[in-house]
Amino acid sequence: MLRIAVPNKGSLSEPAAAMLSEAGYRQRRDSRELVLPDPDNGVEFFFLRPRDIAVYVGTGTVDVGVTGRDLLLDSESPATEHLQLGFARSTFRFATQAGTMTDVQQVAGRRVATSYPVLVADYLRTQGVEPAEVVRLDGAVETAIRLGVADVIADVVETGTTLRAAGLEVFGEPILKSEAVLIRRAEGEEPTGLDVLTRRLQGVLTAREYVLMDYDVPVSLVDQAVAVTPGLESPTVSPLHNGEWAAVRAMVRRSETNRVMDTLYDLGARAILVTSIHACRL
């Protein structure tokens, strides 16, 4: 069986479970379950701390795992990113007291507090910056400066509201743009069953990104309509009982749905319908 590590809690847990469920895999009903066999799909799930998953994958204890790119890079594990999963996106940045720093070079000789000491130290090394110290904290990093533990913090930034409330502001370029990823060992043969898991997850990603659009359009305007909705390879065009009209079906990016519908309607298309895609294989 393919052994898959899944986050047991935190911001990665529920979205990971939802994606795996959409991909056709069993998921636990009780948060106290630590192991969940899914023999029908040839996999076994292990629910682990998100920060530990890269370590287990790197040692080969499990075959693959779902974790954050930031946690992978901070783990020093011999695991590698296999597939981007498109959720839990975040930006990792430096911050300090408002109006005091503008560039990462100013971090030299300063104390930096973070929950990701390896990631931060590696980044500063690539920038040629040597801090006085990289202080590891497990949480509430934004209070480190006020408490005198550090001069600078490095943390995940979403809206920046928490930082501003603490009198801090971000500076310099982002350290990292992170998201949930599927990881595997960097060396060795591909685990049996990983190809199936990959196709299923890619199918979920595609289903989330696209919708299916159907519409009727005059035959004389089919070429113009098809140019608006080219689909992935080519749209399906079918004749209608009224020979002056044709039916068109194509996949359209979900984010462009309303703009495309407006364009088609202005062109002369009618009965424009949009359907969500539950799953697909490309």
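A charge is taken to sit over a ring if NZ of Lys or CZ of Arg is within 6 Å of the ring centre and within 35 degrees of the ring normal. In this predicted model, the charged end of arginine 28 sits over the ring of phenylalanine 47, 4.1 Å from its centre. The points below cover ring contacts, a β-α-β unit with its helix α4, one residue of strand β8, and an open sheet with a helix across two of its strands.

**Rings and charges**

- Arginine 200 lies over the face of tyrosine 25, and its distance from the ring centre is 4.6 Å.
- Across the whole structure, a search finds four aromatic pairs.
- One of them joins tyrosine 25 and phenylalanine 45, whose ring centres are 6.0 Å apart; their planes stand at 80°, so the pair is edge-to-face.
- This pair links distant parts of the chain, 20 residues apart: tyrosine 25 is in the loop between α1 (13-22) and β2 (35-38), while phenylalanine 45 is in strand β3 (residues 43-48).
- Both tyrosine 25 and phenylalanine 45 are buried.
- Phenylalanine 92 and tyrosine 116 also form an edge-to-face pair, because their planes are at 80°, with ring centres 5.0 Å apart.
- Here too distant parts of the chain are linked: phenylalanine 92 belongs to strand β6 and tyrosine 116 to the loop between β7 and α4, with the two 24 residues apart.
- Phenylalanine 92 and tyrosine 116 are both buried.
- Phe94, Tyr123 and Phe171 are joined into a cluster by ring pairs.

**The β7-α4-β8 unit**

- β7, α4 and β8 together make a β-α-β unit, and the unit is right-handed.
- The strands β7 and β8 pair in the parallel sense, over four bridges.
- Within this pairing, alanine 113 stands opposite valine 135 in β8.
- Helix α4 spans residues 117-126, and its buried residues are Pro117, Val118, Leu119, Val120, Tyr123 and Leu124.
- The cover over these buried residues includes helix α3 (69-75) and the strands β6 (90-97), β7 (111-114), β8 (133-136), β9 (152-157) and β10 (168-178).
- Tyr123 is thus both a buried residue of α4 and a member of the ring cluster with Phe94 and Phe171.
- After α4 comes glycine 128, which has a positive phi, near 70°.

**Valine 134**

- Valine 134 is in strand β8.
- Its relative accessible area is 24%, so valine 134 counts as partly exposed.
- Leaving out residues up to four places away in sequence, valine 134 touches Val112, Thr114 and Pro117.
- From valine 134 to alanine 98 the C-alpha to C-alpha distance is 21 Å, and the two are 36 residues apart in sequence.

**The four-stranded sheet**

- Four strands form an open sheet in the order β13-β14-β12-β15, and the pairing is antiparallel.
- Its edge strands, β13 (236-239) and β15 (270-276), each pair on one side only.
- On average, neighbouring strands of this sheet are turned by 20° against each other, direction ignored.
- Strand β12 (residues 210-218) and strand β14 (residues 245-253) run antiparallel and are joined by nine bridges.
- Valine 211 has valine 252 of β14 opposite it.
- Helix α6 (residues 194-209) lies across β12 and β14, and runs at about 45° to β12.

Technical notes: Residues numbered from 1 in each chain as written. Predicted model: local features only at pLDDT ≥ 70, side-chain atom pairs only at ≥ 80, totals over all residues. Heavy atoms only, no water. Buried < 20%, exposed > 50% of the residue type's maximum accessible area, 1.4 Å probe, protein only. Contact = heavy atoms within 4.5 Å. Pairing = 2+ DSSP bridges. Axes fitted to C-alpha atoms, helices over the stretch in contact; angles between N-to-C directions. Right-handed = clockwise from strand over helix to strand, strands pointing away. Phe/Tyr/Trp six-rings, centres within 6.5 Å; stacked < 30°, edge-to-face > 60°.
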